[in-house]
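Here are my notes on the model you sent, set out as numbered points. Please read them with the sequence and the structure open beside you.

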Amino acid sequence: MVELGISLPTQTSSDDGVLRERVSAIVKTWPFEAHQAHVAVGILLAEKAYMHLTDMDARVAIAVYTILVTVLDDQEVYHRVGTQNFAHMLCSGSIHDDEGPLGQTTRVLTDMGRYFSAFGTTAIVISTLRALCGEMLSNPFSSLYVMPQSKVYTDYQRSLTGFGEAYAVFIWCKADFPTETAYIQVMPYVHDLLSTSSNFVTEP
């Protein structure tokens, strides 16, 4: 980023208590229980990795999104709520009648346009669909699951999983970076970094 002349705000947030309260309040409205560990991961990520964002609403959205995709990353939950049908439900509009993890994920994705650019919001949605698609290949509960017999297939499988693009976009909310061209050239670097790092976001 330094080479491209791009810098992030240096301020740190002192509003972590507000973040936790707001996220906890949202989670309590869900008609399903999110494991406390999932909630903790979402809040911690928004607190530490995105503390430079001045838009608290954006940080709350990142935390809620993280909680939901972590919930869906559970193989049993993924299968039980019919995540393999998410794209069809999204396009047909039936997802808006869903109050479970998929419906809540759609709601937070809808809100992303308030906090991120048109490019960023599109990338977040694509990243989410791609990762959930990849889960079909790596989830033993899926009818598409097969034991990888080649490195090429394993690499393809791994390329679909993870949410690297979304978490790269989260770095730049509209409030702090209103001009997309100010950071767009650094996206490949951040995406590659997140896609190759061993963390909860990228590990299948």
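How many helices and how many strands does the protein have?

1. The model is a predicted one, and in it the protein has 10 helices and 0 strands. Read from one end of the sequence to the other, the pattern is accordingly α-α-α-α-α-α-α-α-α-α.

2. On the overall packing, 44% of the 204 residues of the protein count as buried. The protein exposes about 10600 Å², and 56% of that area is supplied by carbon and sulfur atoms. When contacts between residues at least 6 apart in sequence are considered, 70% of them join residues at least 24 apart.

3. The aromatic residues deserve a point of their own, since the count comes to 9 aromatic pairs, with W30 and F32 as one example: their ring centres lie 5.2 Å apart and their planes are at 15 degrees, under the 30 degrees that sets the limit, so the pair is stacked. Both partners are covered, W30 being buried with a relative accessible area of 7% and F32 being buried with a relative accessible area of 19%, a value that still falls under the 20% cut-off for buried.

4. Elsewhere along the chain, one aromatic cluster is formed by Y50, Y65, F116, F163, Y167 and F170. Y65 comes up again in point 8, where it is in contact with A166.

5. How do helices α7 and α8 cross, and which residues meet there? The axes of α7 (residues 118-138) and α8 (residues 151-160) come within 7 Å and cross at roughly 140 degrees, which makes α7 oblique to α8. On the α7 side the contact involves R130, A131, G134, L137 and S138, and these meet Y153, Y156, Q157, S159 and L160 in α8. Sorted by character, the residues of this contact divide into 5 nonpolar, 4 polar and 1 charged.

6. Q75 has its place in helix α4 (residues 75-80) and counts as partly exposed, at 33% relative accessibility. Not counting residues up to four places away in sequence, Q75 touches E135, S138, N139, P140 and F141; S138 also belongs to the α7 side of the contact with α8 described above. The C-alpha atoms of Q75 and S142 are 9.1 Å apart in space, although the two residues are 67 residues apart in sequence.

7. Is T83, in the loop between α4 and α5 (86-92), buried or exposed? T83 is buried, with a relative accessible area of 2%, even though the residue lies in a loop. Leaving aside neighbours within four places in sequence, T83 is in contact with L72, V77, Y78, L102 and L132.

8. A166 lies in helix α9 (residues 164-169) and is buried, with a relative accessible area of 0%. Its contacts, once neighbours within four places in sequence are left aside, are with Y65, I124 and S127. A166 and A123 are 43 residues apart in sequence, yet their C-alpha atoms are 6.3 Å apart in space.

9. The last residue I would point to is I184, which is found in the loop between α9 and α10 (187-196). At 30% relative accessibility, I184 counts as partly exposed, whereas A166 in the preceding point is buried. The C-alpha atoms of I184 and G120 are separated by 9.6 Å, and the two residues are 64 residues apart along the chain.

Terms used
Residues numbered from 1 in each chain as written. Predicted model: local features only at pLDDT ≥ 70, side-chain atom pairs only at ≥ 80, totals over all residues. Heavy atoms only, no water. Phe/Tyr/Trp six-rings, centres within 6.5 Å; stacked < 30°, edge-to-face > 60°. Buried < 20%, exposed > 50% of the residue type's maximum accessible area, 1.4 Å probe, protein only. Helix = DSSP H or I, 4+ residues; strand = E, 2+ residues; numbered from the N terminus. Contact = heavy atoms within 4.5 Å. Areas by Shrake-Rupley, 256 points an atom, 1.4 Å probe, with all protein chains shown as cover. Axes fitted to C-alpha atoms, helices over the stretch in contact; angles between N-to-C directions. Parallel < 35°, antiparallel > 145°, perpendicular 65-115°, else oblique. Nonpolar A, V, L, I, M, F, W, Y, C, P; charged D, E, K, R; others polar.
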